[in-house]
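User: Please take a close look at one helix of this model and at what surrounds it. I would like one connected account of that part, set in the context of the chain.

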Amino acid sequence: MTEKELLSIVECLKEFRLILLGQEIVVYMDHNNLVYDASGMTSQWVLRWCLILEEYGPDIHYIKGKYNRVADAIS
């Protein structure tokens with residue numbers, strides 16, 4: 001599940017690359033593992049995605065699922 005959450009962030013950043021480069025990016029999500037230990041996963045995909053994330057430098061913040069109403073409305 002952590003890999004899917006990380007992939008969703010990476011794909012969104014890649015889709016809006018021209019708009020987001022150079023901007024301060026804050027990502028709010030209800031998946032706590034990415035906030036603390038995205039580098040703890042060692043698969044080739046995750047390492048590649050972490051390199052892409054470093055290019056943008058997003059701040060990833062955790063919000064409990066019941067308080068993250070925007071994500072619930074979208075899904």
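Analyst: Contact here means heavy atoms within 4.5 Å. The model is predicted, and the part chosen is helix 4, which spans residues 44–56.

The setting comes before the helix. The chain has 5 helices and 2 strands, and from the N terminus on these run α-α-β-α-α-β-α. Of the 75 residues in the chain, 27% are buried. Among contacts between residues at least 6 apart in sequence, 88% join residues at least 24 apart. The chain exposes about 5,600 Å², and carbon and sulfur atoms supply 54% of that area.

Which residues of helix 4 are buried? They are Val46, Trp49, Cys50, Leu53 and Tyr56. Because these residues cover an arc of only 110° around the axis, they sit on the same side of helix 4. An α-helix has 3.6 residues a turn, so residues three or four places apart point the same way. The face turned away from the buried side of helix 4 carries the exposed residues Gln44, Leu51 and Glu54. Leucine thus appears on both faces of helix 4: Leu53 is buried, whereas Leu51 is exposed.

What covers the buried residues of helix 4? The cover includes helix 1 and helix 2, the latter spanning residues 17–20.

Helix 1 deserves a description of its own. With 14 residues, helix 1 reaches 20 Å from its first C-alpha to its last, close to the 20 Å expected at 1.5 Å a residue. Its buried residues are Thr2, Leu6, Ile9, Val10 and Leu13. These cover an arc of only 95° around the axis and therefore lie on the same side of helix 1. Lys4 and Glu15 are exposed on the face of helix 1 turned away from its buried side.

Both helices also contribute to the largest nonpolar core, as does one strand. This core has 13 residues, and Leu6, Ile9, Leu13 and Leu53 touch the most other members. At least two residues of the core come from each of helix 1 (2–15), strand 1 (26–29) and helix 4. Helix 4 gives the most to the core, with 5 residues.

Cys50, on the buried side of helix 4, can be set against a cysteine elsewhere in the chain. Cys50 is buried, with a relative accessible area of 17%. Cys12, at 40% relative accessibility, counts as partly exposed. The cut-off for buried is under 20%, so Cys50 falls below it. The structure holds 0 disulfides.

The segment that follows helix 4 completes the account. Just after the helix, Gly57 takes a positive phi of about 65°. Asp59 then lies in strand 2, which covers residues 59–62. The relative accessible area of Asp59 is 37%, so this residue is partly exposed. Leaving aside neighbours within four places in sequence, Asp59 is in contact with Ile25, Val26 and Val27. The C-alpha atoms of Asp59 and Glu24 are separated by 8.2 Å, although the two residues are 35 apart along the chain.

In short, helix 4 has a buried side whose cover includes helix 1 and helix 2, and an opposite face that carries Gln44, Leu51 and Glu54.

Technical notes:
Residues numbered from 1 in each chain as written. Predicted model: local features only at pLDDT ≥ 70, side-chain atom pairs only at ≥ 80, totals over all residues. Heavy atoms only, no water. Core = buried A, V, L, I, M, F, W, Y, C linked by side-chain atoms within 4.5 Å. Buried < 20%, exposed > 50% of the residue type's maximum accessible area, 1.4 Å probe, protein only. Helix = DSSP H or I, 4+ residues; strand = E, 2+ residues; numbered from the N terminus. Expected span 1.5 Å × (residues − 1). Arc of directions from axis to C-beta. Areas by Shrake-Rupley, 256 points an atom, 1.4 Å probe, with all protein chains shown as cover. Disulfide = S-S within 2.5 Å.
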